[in-house]
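Dear colleague,

I am handing over a structure that I would like you to look through. Please open it first, and then read the notes underneath.

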Amino acid sequence: MACSSPRRRTSSFTAATLLLLGALFMANLDMTGAQVGICYGMMGNNLPPATEVIALYKQYNIKRMRLYDPNEAALNALRGSGIEVMLGIPNSDLQRLTNPSDANSWVQKNVRNFWPNVRFRYIAVGNEISPVNGGTSWMAPFVLPALVNVFNAVRAAGLQDQIKVSIAIDMTLIGTSYPPSAGAFKGDVISYLAPIVGHLAYAKTPLFANIYTYFSYSDNPRDISLPYALFTSPSVLVWDNGRGYQNLFDAMLDSLYSALEKLGGGNTLDVVVSESGWPSAGGSGTTSGNAGAYLSNLIRHVKGGTPKRPGKAIETYIFAMFDENQKQPELEKHFGAFSPNKQPKYNLNFGGERTWEISAEHNATVSLKSDM
């Protein structure tokens with residue numbers, strides 16, 4: 001029997017090794033690209049049906065979705081899609097879910113009845129509830145018991161390792177954000193947040209946070225430059241204890257990390273950015289060029305972490321999939337990455353081979369004018 005020469009075996013081994021490394025590299029790229037999902041809001045009377053929306057996610061390699069309520073049509077359309085889902089519990093349901101039996105029923109109806117054909121990744125118990133916001137303050141006492149009851153229901157189903165249960169906050173709960181290392185929650189929200197953070201640390205579950213550099217910029221354009229908000233600043237603008245900040249997103253997220261550490265979350269509690277986006281119309285700085293720049297830069301940027309937690313990809317969900325014409329005020333109608341006719345508004349890449357084709361009406365030039 002003829003044997004391969006040592007040189008031939010070495011060449012074959014080298015080729016196989018290179019092929020394997022190449023495959024692993026491509027898989028890593030794909031996993032990195034998969035860090036970014038899109039929020040699927042439905043407050044429009046001209047939006048495509050759920051089956052077409054899911055097909056659109058798959059067409060553009062969008063592998064994660066935030067769904068704000070257990071919409072049956074969307075959940076049925078998600079069956080077998082492979083898309084990972086952050087499933088929301090509407091604020092209006094929280095009071096009922098303070099009853100453990102009702103929490104078990106909710107999980108049975110909306111999660112177990114679809115699992116594993118629908119790949120639930122998270123459950124978000126409420127959205128942007130604040131004990132000091134007059135519109136949502138009355139719901140604040142329901143958040144922790146609903147969170148714990150849904151967590152226990154998921155654990156009873158044996159799914160606690162596959163599905164993490166948390167809450168989504170906004171940045172209005174932060175009292176001090178500058179410099180980022182001084183980040184701290186407002187004094188009058190600490191009693192609300194501390195036991196929630198304690199539970200999340202116990203459950204090894206990330207906190208969800210909606211982070212919008214747009215609103216910080218539009219509220220204070222004198223001190224916050226547009227390039228700093230859009231990830232286009234050519235240099236570091238803020239130094240904090242040896243950490244350099246070239247963009248506002250990192251500064252906001254690191255201020256939240258600092259606030260969580262002061263609240264007892266330690267430096268191990270992760271944050272998932274459950275919403276981030278930039279409107280294309282309706283307010284100051286709202287052009288298609290700026291919105292497209294923000295989203296494309298965000299997708300690239302979150303692969304690499306923040307100055308406080310470098311090298312750790314930031315799981316992020318863009319707000320939102322579509323422009324939603326039933327939202328108010330006007331600004332809120334223009335956050336979509338797609339128009340309701342399913343045409344992409346911007347040239348974005350979610351890690352797949354396809355790059356979005358954009359129509360001429362949305363192909364605007366990015367303004368880099370700085371107010372700083």
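What follows describes the cavity search and then the salt bridges.

Please keep in mind that this is a predicted model, in which local features need pLDDT of at least 70 and side-chain atom pairs count only at pLDDT 80 or more, while totals for chains, interfaces and linings use all residues. Residues are numbered from 1 along each chain as its sequence is written, and side-chain values use heavy atoms, with hydrogens and water left out.

A search of the whole structure for cavities of 30 Å³ or more finds one. A cavity here is a set of points, on a 1 Å grid over the protein atoms alone, where a 1.4 Å probe fits but cannot get out, and its lining residues have an atom within 4 Å of a point; the volume is the space filled by probe spheres set on the points, which are joined across faces, edges and corners. The largest cavity has a volume of about 30 Å³, and its lining consists of V125, G126, N127, E128, I129, V143, I167, A168 and Y192. Strands β4 (119-127) and β5 (164-170) each supply at least two of these residues, with β4 giving the most, namely three. Strands are DSSP runs of E with at least two residues and helices are runs of H or I with at least four, numbered from the N terminus.

The same kind of whole-structure search finds 15 salt bridges, each being a side-chain nitrogen of Lys or Arg within 4 Å of a carboxyl oxygen of Asp or Glu. One of them joins the side chains of R121 and E315 (2.9 Å, N to O). Because R121 lies in strand β4 and E315 in the loop between α10 (288-301) and β12 (316-318), this pair ties together parts that are 194 residues apart in sequence. R121 is partly exposed, at 22% relative accessible area, whereas E315, at 6%, counts as buried; buried means under 20%, exposed over 50%, and partly exposed in between, with a 1.4 Å probe and protein chains only.

In another salt bridge, the side chains of R222 and D223 meet at 3.4 Å, N to O, where R222 is exposed at 67% and D223 is partly exposed at 37%. The side chains of E330 and K333 also form a salt bridge (3.3 Å, N to O), with E330 partly exposed at 40% and K333 buried at 17%. Finally, salt bridges with shared partners join R64, E84, R119, R121 and E315 into one network.

With best wishes

Conventions: On a 1 Å grid over the protein atoms alone, a cavity is a set of points where a 1.4 Å probe fits but cannot get out, and a pocket is an open set with protein on both sides within 12 Å along at least five of seven lines; lining residues have an atom within 4 Å of a point.
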